[in-house]
Amino acid sequence: MGVPEGKNGLSVDPSETLGCCRWWSNAAKRIATLEFDRMRKSMGIIVTSKSGGNTLLVKGAVETLLERSSHIQLQDGSVVPLDEKSRKAVLASLHELSTKALRCLGFAYKEDLGEFATYDGEYHPAHKLLLDPANYAAIETDLIFVGLAGLRDPPREEVFDAIEDCRAAGIRVMVITGDNKETAEAICHEIGVFSPDEDISLKSFTGREFMALEDKKTLLRRKGGLLFSRAEPRHKQEIVRLLKEDGEVVAMTGDGVNDAPALKLADIGIAMGITGTEVAKEASDMVLADDNFSTIVAAVGEGRSIYNNMKAFIRYMISSNIGEVASIFLTSALGIPEGLIPVQLLWVNLVTDGPPATALGFNPPDKDIMKKPPRRSDDSLITPWILFRYLVIGLYVGVATVGIFVIWYTHGSFMGIDLTGDGHSLVSYSQLSNWGQCSSWDNFTAAPFTAGARTFTFDDNPCDYFQAGKVKATTLSLSVLVAIEMFNSLNALSEDTSLLRMPPWVNPWLLLAMSVSFGLHFLILYVPFLAQVFGIVPLSLNEWLLVLLVALPVVLIDEVLKFVGRCTTAAGPKRRLKKQKGE
């Protein structure tokens, strides 16, 4: 019947169990079944022997069988009244087996069946009593208790680590089972719900004990694991209902028909795919294919990763688009010539930004993703701090895009990079911001300059230097915008983790996407036909160095913001702890 451990245990060989079943099949024929239910915690069958007599055989929870037994069968086969001494001896054996994490099953029988003594099928007058399960408890009374067996159902090796992961992730594990209280407590100690020496007097309750409590919510708010044993379906529903009322997101696992109401009530009902009944599967939101608790924990990590990747996509696109809007706004506010034309902005939005944004969906999980507390279901997707970060990065994108445009017109060199190689004329910032008044300036001239194979001259109209002559400055602005958005995609690898801990190569798809985007940008720069379509010209090596110099700080700025965010997050629990101590 089972494989209990210890000197008092009984190890039953599977072949012996099979032989026992064959013996019973030959010795007696089943003619009726009293199905199991959680109220009486037992099931029974009526069998008829070859001699023609009927017997009721019952198995179930040891405590309930003892309550319904009036006699006990001894080892020599004799039957004696079940007195208090015998009852205590059985309960002592139950306690011994239960504390070894063995699931105990009691056995009893009854020979004096009254009106069922001659029962032979559905046409017998007593058959109507079997149609109503409410009668089963009365039929299973005045039993002769035979004995009990401890069955070993070892937890999977990975369960202990999975529960540790839950604890680190801020997920509370509550065990709700129909098992004996002592058995359930031993199993919870074994799998890590409770530590070996933990006092669980206020953490372990039977279903009836829990329902008798006046302040149930205070118990459910208690930190650490909780255990509810000998639980009935209504107990499970009550626990789920109270947790949901308290704002918790409840995931409930179950496999039986009686678990269906609680599975339906929970935020996430999870049915067992192998051992689960069809009723449980229909009532649940998902089916666990391998019946493995660690799979649920892995799914939580995967869900958090998907959510983070979704935020990374949004973070990248919003901050980049804010930058584009900022560049247009700054251009108008400063009164300088238009730095980017519509076709260039359309190219950046539809082509250049697309591959990195898509690749962010393949970001691996953060290394500490299962060490962060869970977010509440009503948490904002964009918090005030994240919005502030969007604005800071977006503002820098705008400043850098417009800034390099101004630098080309007003500086011969910048940070040691010589920009006079093409021979263009330098103007003051005042002239650039008032370029519309160029025709009224005295003796204003603009020297010709080269860009790739093209030479731009302004002999006929020097003021055209701010229109047709802005092609190089526009190219620099577009290149900075493309480069800065590529580097900004690296910032989106993780919301808070530094690139030093989560380097770019953790997502090779993103590096490939960046290469594709840069490749497309080089294509329109260095293919003459496409360069003419987009109104840009090739850049020299020094000009590319300037582009990188202006674009790279976006990574440093976001690293600083991430560091501030990590410090703020870490300081939050400490402040709450100090506040609690002060109270």
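**Entry 1: annotated regions**

I began with the UniProt record, an unreviewed entry, which assigns residues 339-564 to "domain: Cation-transporting P-type ATPase C-terminal". The model I am reading is predicted. Over residues 339-564 I find 53% helix and 4% strand. The end C-alpha atoms of that stretch are 33 Å apart.

The same kind of look-up for "transmembrane region" gave residues 387-409, 509-527 and 533-556, again from an unreviewed UniProt entry. I checked two of these in the model. Residues 509-527 are 95% helix and 0% strand, with end C-alpha atoms 26 Å apart. Residues 533-556 are 71% helix and 0% strand, and there the end C-alpha atoms lie 34 Å apart.

**Entry 2: cysteines**

How many disulfides does the model hold? I count one disulfide. Cysteine 438 and cysteine 463 form it, with their sulfur atoms 2.0 Å apart. The link is left-handed, at -95 degrees about the S-S bond. Cysteine 438 sits in the loop between helix 17 (429-433) and strand 16 (449-451), and cysteine 463 in the loop between strand 17 (454-456) and helix 18 (471-491), so the pair ties together parts 25 residues apart in sequence. Cysteine 438 is buried at 3% relative accessibility. Cysteine 463 is buried too, at 18%, which is under the 20% cut-off.

Next I looked at cysteine 166. Why does cysteine 166 have no bond to cysteine 188? The closest cysteine sulfur to that of cysteine 166 is in cysteine 188, 13 Å away, which is too far for a bond. A disulfide needs the sulfur atoms within 2.5 Å. Cysteine 166 is buried, with a relative accessible area of 3%. Cysteine 188 is buried at 2% relative accessibility.

**Entry 3: helix 10**

I tested the length of helix 10 (residues 233-245). At 1.5 Å a residue, its 13 residues should span 18 Å, and the end C-alpha atoms are 18 Å apart, so the two agree. Its buried residues are Pro233, His235, Lys236, Glu238, Ile239, Val240, Leu242 and Leu243. What do they pack against? I list strand 8 (174-176), helix 8 (207-212), helix 9 (216-220), strand 10 (226-229), strand 11 (251-254) and helix 11 (260-265). After helix 10 comes glycine 247, with a positive phi near 85 degrees.

**Entry 4: positive phi outside glycine**

Most residues other than glycine have a negative phi. I noted two exceptions, starting with arginine 230, which has a positive phi of about 45 degrees. Arginine 230 lies in the loop between strand 10 and helix 10. At 17% relative accessibility, arginine 230 counts as buried.

Methionine 415 has a positive phi near 55 degrees. Its loop runs between strand 14 (413-414) and strand 15 (417-418). Is methionine 415 buried or exposed? Methionine 415 counts as exposed, because its relative accessibility is 66%.

**Entry 5: asparagine 180**

I then turned to asparagine 180, in the loop between strand 8 and helix 7 (181-191). Asparagine 180 is buried, at 9% relative accessibility. Which side chain does its own side chain meet in a polar contact? That of glutamate 63, at 2.7 Å. The asparagine 180 side chain also reaches the backbone nitrogen of glutamate 182, at 2.8 Å. Setting aside neighbours within four places in sequence, I find asparagine 180 in contact with Glu63, Leu94, Ser98, Ser229 and Arg230. Arg230 on that list is the buried arginine of Entry 4.

Methods:
Residues numbered from 1 in each chain as written. Predicted model: local features only at pLDDT ≥ 70, side-chain atom pairs only at ≥ 80, totals over all residues. Heavy atoms only, no water. Helix = DSSP H or I, 4+ residues; strand = E, 2+ residues; numbered from the N terminus. Expected span 1.5 Å × (residues − 1). Buried < 20%, exposed > 50% of the residue type's maximum accessible area, 1.4 Å probe, protein only. Contact = heavy atoms within 4.5 Å. Polar contact = N/O pair within 3.5 Å; in protein donor to acceptor, adjacent residues only side chain to side chain. UniProt positions renumbered as here; feature names shortened; annotations may be inferred.
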